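Work through the exercises below with the sequence and the coordinates open. Each task is followed by a solution in steps.

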Amino acid sequence: MAGKTKRKYHGEIIKINKNLKKPIEKILEILPYNYNLNLIEEYFKKYYYYEWFYIKDMKEVYDIKDRRLESYGKKKRYNASNPKEYLLSLPQIKYKLNQKSKDKHKLSYNSNQRAKLLEELEQDSKKRYEKRYEKIKRAKEKVQQVEPEFLDKLMGLYERKNAPLNHEEKVYIFHELEKYYCVKTINFFRKHNDKEINHQLRNMAFITLQKWGHYVKLRKKNSIRISAKNKKRKEYLKNIYSNLTYDIKKIPQELEYRIENNKDQKIKSYDYFISHSSLDYNEVQELIDNLNRQNKNIYCDWISDTNFLKRKLVGDATKKVIEKRMEQSKMMILLKSNNSIISNWVKYELNYFRELKKPIFQIDLIDKNNNLVEISDFSNQWFYDEEYKNINLY
């Protein structure tokens with residue numbers, strides 16, 4: 001298996017070399033009168049950023065594999081190169097860096113021709129970059145770039161050996177982990193793309209990494225090693241477990257049930273619950289991105305529970321879920337706008353959170369004040385309503 005795996009790795013390198021042949025040629029065409037390896041690397045990173053990131057990410061993946069081998073007392077198998085080392089290993093780069101080639105380049109150097117080729121490459125790069133960037137950006141719009149405090153517990157539930165989860169529970173945890181983009185979730189999905197025996201879960205790991213823009217190769221069924229010693233167990237894993245599938249029930253009632261009965265939902269906690277109007281989508285997204293940069297985990301219904309809380313299915317179960325999420329949140333932020341102050345849902349959330357006696361903050365879009373401001377004037381609580389539980393929400 002070790003030799004087969006290593007051959008696959010080298011086969012992958014050969015394929016990458018082939019795909020990079022034209023990009024490297026384009027870079028070598030725009031080199032200035034004087035150049036070196038650092039400049040070639042700089043151009044490669046600038047004009048072929050995702051290819052550069054791909055090589056960098058691939059090294060990270062195979063470094064993890066090598067460290068795992070060393071932890072078992074075995075030798076490194078891959079010794080993957082970083083982008084600079086990789087470039088230096090390419091024959092066309094080696095040739096371009098020798099003195100004879102540099103002298104030849106100077107003799108034939110044409111600044112006008114270089115300027116024309118550079119402009120063409122910049123336009124092509126911009127077009128390619130924007131297309132790929134928008135695709136990855138859309139994939140991350142409903143993902144928080146933060147590492148929540150309950151993440152280790154959630155992964156621990158999935159990995160536990162005593163009382164292991166059934167396939168259905170594993171699928172739910174995969175969907176929960178897909179909501180967070182951070183080093184731990186990236187490595188979790190890398191691991192299960194490599195080792196997960198179940199086809200559905202392995203494909204989920206592959207698709208998640210792919211849509212996030214990371215290096216990933218889909219492992220085939222016959223390349224997954226089943227290490228169980230018990231013959232019956234091995235047969236079960238190979239012929240039954242590997243083929244199990246489950247589609248989550250994307251309805252509020254399902255989430256309400258899971259919050260009350262499943263540990264993966266009970267362990268959740270949020271730093272802030274965002275009370276807002278859906279009409280302020282862009283402002284909410286900006287706020288969440290800002291708070292994520294401060295390592296704050298946010299509850300926002302169309303991000304945190306997007307699989308279950310559909311507007312066309314709003315009802316009692318939706319309300320119960322929102323109430324539970326407020327109970328799991330340490331603080332609330334009201335995104336105060338002309339839209340939110342007339343929202344029945346916002347009014348309900350503010351009153352419910354007030355009863356929980358937890359801190360409420362606001363960002364006032366009406367006054368263009370973008371700082372967190374504590375609502376301290378309780379004599380002027382415009383939202384307060386003793387009969388708020390009778391508000392018509394749906």
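Buried means under 20% relative accessible area, exposed means over 50%, and partly exposed lies in between (1.4 Å probe, protein chains only). The model is predicted, so local features need pLDDT of at least 70 and side-chain atom pairs count only at pLDDT 80 or more, while totals for chains, interfaces and linings use all residues. Residues are numbered from 1 along each chain as its sequence is written, and side-chain values use heavy atoms, with hydrogens and water left out.

**Exercise 1. Determine whether Asp 305 and Lys 179 are buried or exposed, and describe how their side chains pair.**

Step 1. Apply the accessibility cut-offs: Asp 305 is buried, and Lys 179 is buried as well.

Step 2. Test for a salt bridge, defined as a side-chain nitrogen of Lys or Arg within 4 Å of a carboxyl oxygen of Asp or Glu. The two side chains meet in one, at 3.9 Å from N to O.

Step 3. Locate the partners, with helices (H or I, at least four residues) and strands (E, at least two) taken as DSSP runs numbered from the N terminus. The pair joins distant parts of the chain, 126 residues apart: Asp 305 sits in the loop between helix H17 (301–304) and helix H18 (316–327), and Lys 179 in the loop between H10 and H11.

Step 4. Extend the search. Asp 305 and Lys 179 belong to a network of salt bridges that also links Glu 176, Lys 268 and Arg 325.

**Exercise 2. Examine two salt bridges that involve helix H11.**

Step 1. Recall the principle: side chains of opposite charge can pair when their charged atoms come close. The structure holds 18 salt bridges.

Step 2. Take Asp 194 and Lys 65, whose closest N and O atoms are 2.2 Å apart. Asp 194 lies in H11 and Lys 65 in helix H4 (residues 49–71), so this salt bridge ties together parts 129 residues apart in sequence. Both residues are buried.

Step 3. Take Asp 152 and Lys 184, which form a salt bridge at 2.9 Å, N to O. Because Asp 152 is in helix H9 and Lys 184 in H11, the pair connects parts that are 32 residues apart in sequence.

Step 4. Check accessibility for the second pair. Asp 152 is partly exposed at 46%, and Lys 184 is partly exposed at 29%.

**Exercise 3. Explain why helix H10 counts as largely enclosed, and state what covers it.**

Step 1. Count the buried residues. In H10 (residues 167–177), 10 of the 11 residues are buried, so the helix is largely enclosed by the rest of the structure.

Step 2. Inspect the list, which includes the charged residues Glu 169, Lys 170 and Glu 176 as well as Val 171, Ile 173 and Phe 174.

Step 3. Identify the cover by contact (heavy atoms within 4.5 Å). Among the covering elements are helix H9 (151–159), helix H11 (183–195), helix H12 (199–211), helix H14 (252–261) and helix H15 (263–266).

Step 4. Look at the start of H10. There a side-chain oxygen of Asn 166 comes to within 3.2 Å of the backbone nitrogen of Glu 168.

**Exercise 4. Characterise the surroundings of Asp 57.**

Step 1. Asp 57 is in helix H4 and counts as buried at 3% relative accessibility.

Step 2. Leaving out residues up to four places away in sequence, Asp 57 touches Arg 190, His 214 and Tyr 215.

Step 3. Compare sequence and space for one of these. The C-alpha atoms of Asp 57 and Tyr 215 are separated by 5.8 Å, although the residues are 158 apart along the chain.

Step 4. Find the atoms involved: the Asp 57 side chain reaches the backbone nitrogen of Tyr 215 at 2.8 Å.

**Exercise 5. Compare the span of H18 with its expected value, and list buried positions.**

Step 1. The expected span is 1.5 Å times one less than the number of residues. H18 has 12 residues and reaches 17 Å from its first C-alpha to its last, close to the expected 16 Å.

Step 2. Buried positions in H18 include Ala 317, Val 321, Ile 322 and Arg 325.

**Exercise 6. Which loop holds Lys 357, and what is notable about its phi angle?**

Step 1. Lys 357 is in the loop between H19 and strand S4 (360–364).

Step 2. Its phi is near 60 degrees, a positive value in a residue other than glycine.

Step 3. At 75% relative accessibility, Lys 357 counts as exposed.

Technical notes:
A polar contact is a pair of N or O atoms within 3.5 Å; within protein, one must be able to donate a hydrogen and the other to accept it, and residues adjacent in sequence count only if both atoms are side-chain atoms.
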